[in-house]
Amino acid sequence: MSELMKELDRRIEAAWMVEPQDVRRMLKHNDDSGRNFGQWVYSYMDMSQLQEVLYQYYKICLGGNADLATMKAVATSAMNNVAANAYDGVGAFSSPTTKVSAIGVIYNEVYQIVANAKTGAKSVEDLKGLKVAIGPAGSGTLNLSQKVLRAAGLDPDKDIKPQSDSFGDAATKMQDGHIDAACNVLAVPASSIIEMTTSMDLAYINISDEILTKLQAEEPYFTRKVIPAGTYKGQMEDCNTITCKAALYCHADLDEETVYQITKAFYESGEAIAAAHATGKEVQLEGCLEGITTPIHPGAARYFTEKGISVPDNG
């Protein structure tokens with residue numbers, strides 16, 4: 001083990017002597033996409049720069065989001081809206097989570113609804129009466145799906161037949177003909193959707209400007225996202241949907257130098273990350289703090305300031 005790795009071990013251990021339960025509570029409410037940032041980083045763990053600085057943080061996150069609540073994870077990814085709810089103690093959080101700091105944006109988390117093409121569905125309103133997997137209980141996907149449906153004038157409990165499957169299970173059930181549609185927050189292109197297109201025809205559901213406007217009135221984190229035609233098999237037209245940001249967060253008590261090194265290694269390895277994973281193309285300094293409303297860790301702020309990026313004072 002290198003001296004840097006030993007030093008990171010020491011800093012991690014020290015940070016976790018300070019009440020880690022706040023971070024664990026936040027991690028319990030991460031998204032349910034079936035993959036997490038730790039698994040993503042693992043795919044390019046042979047890159048020396050990231051291995052030296054990030055390995056110790058992310059190798060412990062390989063068990064999946066649900067397991068993170070019992071792990072000593074000092075850094076993880078989360079949707080920015082979920083992190084904001086955690087910090088404020090609203091939504092799924094009964095009290096504020098104060099020991100979490102933001103590092104920066106990783107990539108866009110795009111809300112995607114796909115339906116069996118046989119349903120003829122094209123819009124959210126067209127989901128009325130269908131069996132729709134809107135996300136597991138307590139998940140960010142479920143929370144967002146319910147808001148999207150209500151904004152479309154649909155009652156999630158009465159106007160559709162809601163299913164609580166994860167997207168992975170929902171995809172299997174769609175292919176078997178047991179449900180009609182599924183919702184999730186995923187990167188674009190999503191490998192799980194690509195896999196579905198190998199065995200069935202899909203309809204890609206549009207979210208109208210009216211629905212987006214209603215959502216933004218309560219949660220300004222969401223913005224328009226257009227998935228270009230041809231992104232997925234059988235997608236003949238652009239799909240108008242919405243997006244929030246997947247961002248990197250860490251324990252607020254982690255020392256400044258450690259977080260500075262994490263931030264530096266991550267944002268200066270964008271090209272190498274992109275070579276290992278398509279989503280890596282979005283890892284860049286431009287827009288690295290867009291949509292971040294929670295406090296930014298001093299170590300990350302120091303790096304961004306050196307790069308000439310204005311760091312907001314989020315309290």
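The exercises below, each with a worked solution, concern a predicted model of a protein chain.

**Exercise 1. Describe the overall make-up of the protein chain in terms of its helices, strands, burial and contacts.**

Solution. Begin with the secondary structure: the protein chain holds 12 helices and eight strands. Turn next to burial: of its 315 residues, 53% are buried. Finally, consider the contacts between residues at least 6 apart in sequence: 74% of these join residues at least 24 apart.

**Exercise 2. Determine whether strand 5 is enclosed or open, and identify the strands that pair with it.**

Solution. Step one is to examine burial along the strand. Strand 5 covers residues 181–186, and six of its six residues are buried, so the strand is largely enclosed by the rest of the structure.

Step two is to examine the two faces separately. On one side lie Ala181, Cys183 and Val185, and on the other Ala182, Asn184 and Leu186; every one of these is buried, and both faces are thus covered.

Step three is to identify the pairing partners. Strand 2 (residues 100–116) pairs with strand 5 in the antiparallel sense, over six bridges. Within this pairing, isoleucine 113 has cysteine 183 as its bridge partner in strand 5. Strand 3 (residues 131–133) pairs with strand 5 in the parallel sense, over two bridges. Here alanine 133 is matched with alanine 182 as its bridge partner.

**Exercise 3. Characterise the surroundings of cysteine 183.**

Solution. First, locate the residue: cysteine 183 belongs to strand 5. Second, classify its exposure. Its relative accessible area is 5%, and buried means under 20%, so cysteine 183 is buried.

Third, list its contacts beyond the neighbours within four places in sequence: Tyr111, Gln112, Ile113, Val132, Ala133, Ile134, Thr141, Ser145 and Phe167. Among these, Ile113 is also the residue whose bridge partner is cysteine 183, while Thr141 and Ser145 are among the buried residues of helix 6.

Fourth, compare sequence and space for one of these contacts: alanine 133 and cysteine 183 are 50 residues apart in sequence, yet their C-alpha atoms are 6.1 Å apart.

**Exercise 4. Check the length of helix 6 against expectation and establish what covers the helix.**

Solution. Start with the span. Helix 6 (residues 140–151) has 12 residues, which at 1.5 Å a residue should span 16 Å; the end C-alpha atoms are 17 Å apart, in agreement with that value.

Next, consider burial: nine of the 12 residues are buried, and the helix is mostly covered. The buried set consists of Gly140, Thr141, Leu142, Leu144, Ser145, Gln146, Val148, Leu149 and Ala151. The elements covering these residues include strand 2, strand 5, helix 9 (209–218) and strand 8.

Last, inspect the region just after the helix, where glycine 153 adopts a positive phi of about 85°.

**Exercise 5. Explain why lysine 245 is classed as buried, and name the side chains with which its own side chain makes polar contacts.**

Solution. Lysine 245 is located in strand 8 (residues 239–251). Its relative accessible area is 13%, and the limit for a buried residue is under 20%; lysine 245 is therefore buried.

Its side chain makes a polar contact of 2.8 Å with the side chain of asparagine 108. A further polar contact, of 3.5 Å, links it to the side chain of glutamate 290. With neighbours within four places in sequence set aside, the residues in contact with lysine 245 are Ala78, Met79, Asn80, Val105, Tyr107, Asn108, Glu109 and Glu290.

**Exercise 6. Classify the aromatic pair of tyrosine 260 and tyrosine 303, and place it in its structural context.**

Solution. First, apply the geometry. The ring centres are 6.0 Å apart and the planes lie at 70°; planes over 60 degrees apart count as edge-to-face, so the pair is edge-to-face.

Second, locate the partners. Tyrosine 260 is in helix 10 (residues 256–267) and tyrosine 303 in helix 12 (residues 298–306), so the pair ties together parts that are 43 residues apart in sequence. Both tyrosines are buried.

Third, widen the view. Tyr260, Tyr267, Tyr303 and Phe304 make up one aromatic cluster. Arginine 302 lies over the face of tyrosine 260, 3.9 Å from the ring centre. In helix 10, the buried residues include Tyr260, Phe266 and Tyr267.

Definitions and conventions: Residues are numbered from 1 along each chain as its sequence is written. This is a predicted model: local features need pLDDT of at least 70, side-chain atom pairs count only at pLDDT 80 or more; totals for chains, interfaces and linings use all residues. Side-chain values use heavy atoms; hydrogens and water are left out. Helices (H or I, at least four residues) and strands (E, at least two) are DSSP runs, numbered from the N terminus. Buried means under 20% relative accessible area, exposed over 50%, partly exposed in between (1.4 Å probe, protein chains only). A polar contact is a pair of N or O atoms within 3.5 Å; within protein, one must be able to donate a hydrogen and the other to accept it, and residues adjacent in sequence count only if both atoms are side-chain atoms. Contact means heavy atoms within 4.5 Å. Two strands pair if DSSP finds at least two bridges between them. The expected span of a helix is 1.5 Å times one less than its number of residues. Rings of Phe, Tyr and Trp (its six-membered ring) pair if their centres lie within 6.5 Å; planes under 30 degrees apart count as stacked, over 60 as edge-to-face and the rest as tilted. A charge sits over a ring if NZ of Lys or CZ of Arg is within 6 Å of the ring centre and within 35 degrees of the ring normal.
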